[in-house]
Amino acid sequence: MKDALQLTDLQFGTIGLTYGLFNVLGYLPSGFLAEKFSTKKLLIISNLGMCLVTLWYSTYPGYQSLVVIHALYGVFSVWTFWSPYLKAVRNLGPDSEQGRLFGISEGLRGVAQTAVAFASLGALNMFATVTAGFRAALFINAAAFALLMVAVVILVPEIDNHSENTSITNVKKDKDLKKIILATLNSSSTWICIFVIMCGYTLWNTVNGFAGTYCTRVLHISENVSSSLAIFRSFLIVPIAGISGGFIMDKFSSKGKGMFFAFLCFGLCVAAIFLTTQMVIICAVLTIVLGYFVNMIKATYWSIMGEAGIPLATTGMATGVISLIALTPDIFSPKVIGLLLNYGEKQGNIEIGFNLILVWCAVWAGLGIIASLVLKKRAERTTLANSAVSEVAMALKV
């Protein structure tokens with residue numbers, strides 16, 4: 001991209017900053033839009049917008065336009081897409097199937113991401129110049145968005161925003177965005193989800209940031225073997241963990257219980273890596289297992305909303321608020337990894353830095369276990385309350 005567009009490092013950084021900024025700023029508006037407008041139409045707008053913006057991108061319009069293009073990428077990939085997407089997935093089935101629904105969704109996203117990435121890479125290699133190859137890669141991405149838009153039109157059902165209980169309807173009819181956000185923030189259900197998802201997302205960010213370089217710098221595995229392991233972790237583990245993890249999560253009596261065991265297994269795997277540094281093959285395999293559990297958690301943590309007590313009708317606004325807070329590891333996790341590795345280098349032993357990262361992972365896994373237990377307790381109380389309501393209703397009928 002840098003070569004094809006003839007950008008300086010500063011310009012390249014500004015483009016990345018613009019995209020990231022519009023992503024972060026988009027979470028709350030995305031939740032609001034998901035509550036106010038048709039989910040299906042928002043998904044269509046997202047894919048159409050991404051397609052048209054990518055076609056504009058392919059004309060190489062100049063630096064100022066590229067900044068605007070990446071701002072629009074942020075708008076169409078988060079503002080009009082993120083919460084509607086989560087809402088659409090949640091509406092596909094009952095709470096008992098949420099694990100597999102979100103797991104399969106994450107898994108298929110991983111497969112699609114891999115397919116488009118390799119197709120784009122193939123296009124880059126087919127042309128004599130980087131400029132022509134990068135333009136061909138953009139055309140492939142634009143075509144992918146066009147196909148997704150058609151798929152949404154044909155396959156995604158329209159969600160009925162009017163089938164809601166009275167209390168939720170009253171909140172949604174309030175046009176004051178501030179009141180809607182405050183109502184969501186004041187809900188303990190929202191904070192339970194934030195707690196679980198932030199733990200899982202921090203671990204996912206951390207594992208992605210250190211696992212590959214751990215293999216080369218601590219285990220001293222060759223770059224070729226390490227790259228192969230990285231490809232497996234990045235491309236193959238995602239669909240495997242997403243799809244299988246989703247079905248496994250639904251086997252548990254509650255999502256809280258499933259998350260508890262997922263975080264526990266992750267923590268045990270971290271401990272095993274710490275203890276097997278001298279057993280290179282075993283330790284390398286354990287980094288793959290670690291990738292499986294962290295991707296399983298990430299693929300299914302949105303499935304907890306029902307058990308946490310978030311009503312189906314407020315999914316849009318809730319996911320916007322949750323995302324704004326729970327996905328902040330994007331900001332601090334890479335910095336923490338860098339600081340810990342830098343500390344190890346200053347001590348003259350990089351392994352110290354990596355050991356501190358493992359401790360960081362263990363702490364977040366422990367917090368995830370606590371969060372899962374809180375979720376489990378909430379689910380038990382909700383079940384008891386629902387049972388009591390059912391018994392009263394049956395008694396009244398008699």
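Which helix does asparagine 295 lie in? Keep that in mind while we look around this predicted model.

**The whole chain.** Start with everything in cartoon view: the protein has 17 helices and zero strands. Its radius of gyration is 23 Å, close to the 21 Å that the globule rule gives for 398 residues, so the protein is as compact as a globular protein of that length. Turn the C-alpha trace along its principal axes and you will find spans of about 75 × 55 × 35 Å. Of the 398 residues, 46% count as buried. Now display the surface: about 19100 Å² is accessible, and carbon and sulfur atoms account for 70% of that.

**Helix H13.** Next, select residues 280–300. This is H13, and here is asparagine 295. The helix has 21 residues and reaches 31 Å from its first C-alpha to its last, close to the expected 30 Å. Because 16 of its 21 residues are buried, H13 is largely enclosed by the rest of the structure.

**Asparagine 295.** Zoom in on this side chain. Asparagine 295 has a relative accessible area of 7%, so it counts as buried, the cut-off being under 20%. Show its neighbours as sticks: leaving aside residues up to four places away in sequence, asparagine 295 touches Trp204, Arg233, Ile237, Val238 and Ala241.

**The nonpolar patch.** Finally, move to the surface and select Leu48, Leu52, Leu55 and Phe139, which form a nonpolar patch with about 340 Å² of accessible area together. Helix H3, residues 39–57, gives the most to this patch, with three residues. Leucine 48 is found in H3, and it is partly exposed, with a relative accessible area of 37%.

Technical notes: Residues numbered from 1 in each chain as written. Predicted model: local features only at pLDDT ≥ 70, side-chain atom pairs only at ≥ 80, totals over all residues. Heavy atoms only, no water. Helix = DSSP H or I, 4+ residues; strand = E, 2+ residues; numbered from the N terminus. Buried < 20%, exposed > 50% of the residue type's maximum accessible area, 1.4 Å probe, protein only. Contact = heavy atoms within 4.5 Å. Expected span 1.5 Å × (residues − 1). Patch = residues over 30% accessible without salt bridge, like charges linked within 9 Å, V, L, I, M, F, W, Y side chains within 5 Å. Areas by Shrake-Rupley, 256 points an atom, 1.4 Å probe, with all protein chains shown as cover. Salt bridge = Lys/Arg side-chain N within 4 Å of Asp/Glu carboxyl O. Rg over C-alpha atoms; globule rule 2.2 N^0.38 Å.
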